[in-house]
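Biologist: I would like to go through this structure with you, label by label. Tell me what stands behind each one.

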Amino acid sequence: YFAACEAAIHRWREEVGRAALIRFDTGDTLHVLDTRGVSVTGTTSLRGLERTVYLAAENGATIGEISEKTRSAPEAVAEVVRTLLDRRHAVLLDGKVLPLAVPVDAWMPRGAPAVLVADRLRAAYCQRMEKLYRGYEARSGETPPSR
């Protein structure tokens with residue numbers, strides 16, 4: 001049973017510094033960039049109820065809690081959640097929806113169009129993760145995975 005977990009960890013390590021699952025908000029649109037090997041959609045723009053549900057679940061929430069926060073019908077929330085799960089942008093953990101994209105709103109230049117900054121945000125995130133990962137390896141004494 002550990003082999004599958006070990007394989008997933010190995011795949012994750014192989015993608016550090018090259019793959020990202022990030023999100024940034026431009027007001028009416030939540031942009032999700034997914035360059036992971038398991039990506040289903042690549043770039044997704046969430047608007048309306050999709051955006052509202054994603055943000056309402058950001059710290060983990062049940063469908064009922066999201067429904068209350070968004071003042072939306074539980075059935076409508078459940079449908080959005082199914083879509084987020086299908087896209088692999090969220091997971092269901094202990095009955096709670098947990099969005100996976102890392103928010104990078106603080107890196108977003110004020111007033112910049114999303115289409116012009118998306119690649120720069122992804123590159124900055126990948127660079128930061130690579131640096132953190134190398135630092136972790138140096139402190140822990142692990143042998144770096146081959147790339």
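**Exposure and charge pairs**

Modeller: Start with Glu-79, which counts as partly exposed at 43% relative accessibility. One caution: this is a predicted model.

Biologist: Why is Glu-79 called partly exposed?

Modeller: Buried needs under 20%, and exposed needs over 50%. Glu-79 has 43%, so the label is partly exposed. Arg-82 also has 43%, so it gets the label partly exposed.

Biologist: What makes Glu-79 and Arg-82 a salt bridge?

Modeller: The cut-off is 4 Å between a side-chain nitrogen of Lys or Arg and a carboxyl oxygen of Asp or Glu. For Glu-79 and Arg-82, the closest N and O atoms are 2.8 Å apart, so the pair qualifies. Both residues lie in helix α4, 3 residues apart, about one turn of the helix.

Biologist: Which residues are joined into one network by salt bridges that share partners?

Modeller: Arg-23, Glu-58 and Asp-105. Across the whole structure, the search finds 6 salt bridges.

Biologist: How do you know that Arg-51 and Asp-25 form a salt bridge?

Modeller: Their closest N and O atoms are 2.7 Å apart. The limit is 4 Å, so the pair counts. It links distant parts of the chain: Arg-51 is in helix α2, Asp-25 is in strand β1, and 26 residues separate them.

Biologist: Is Arg-51 buried or exposed?

Modeller: Buried. Its relative accessible area is 18%, and buried means under 20%. Asp-25 has 24%, so that residue is partly exposed.

Biologist: What does the salt bridge between Glu-50 and Arg-87 tie together?

Modeller: Glu-50 lies in helix α2, and Arg-87 in the loop between α4 and β4, so the pair ties together parts that are 37 residues apart in sequence. The closest N and O atoms are 3.2 Å apart.

Biologist: Why does Arg-87 count as buried?

Modeller: Arg-87 has 17% relative accessibility, and the cut-off is under 20%, so it counts as buried.

**The largest pocket**

Biologist: How much space lies in the largest pocket?

Modeller: About 520 Å³. Of the 19 residues that line this pocket, the closest to its centre are Trp-12, Glu-15, Val-16, Ala-19 and Arg-36.

Biologist: Which elements give two or more residues to that lining?

Modeller: α1 and α5 do. The largest share, 5 residues, comes from α5.

Biologist: How many of the lining residues are nonpolar, polar and charged?

Modeller: There are 14 nonpolar, 2 polar and 3 charged residues. Trp counts as nonpolar and Glu as charged.

Conventions: Residues are numbered from 1 along each chain as its sequence is written. This is a predicted model: local features need pLDDT of at least 70, side-chain atom pairs count only at pLDDT 80 or more; totals for chains, interfaces and linings use all residues. Side-chain values use heavy atoms; hydrogens and water are left out. On a 1 Å grid over the protein atoms alone, a cavity is a set of points where a 1.4 Å probe fits but cannot get out, and a pocket is an open set with protein on both sides within 12 Å along at least five of seven lines; lining residues have an atom within 4 Å of a point. Grid points are joined across faces, edges and corners, and a volume is the space filled by probe spheres set on the points. Helices (H or I, at least four residues) and strands (E, at least two) are DSSP runs, numbered from the N terminus. Buried means under 20% relative accessible area, exposed over 50%, partly exposed in between (1.4 Å probe, protein chains only).
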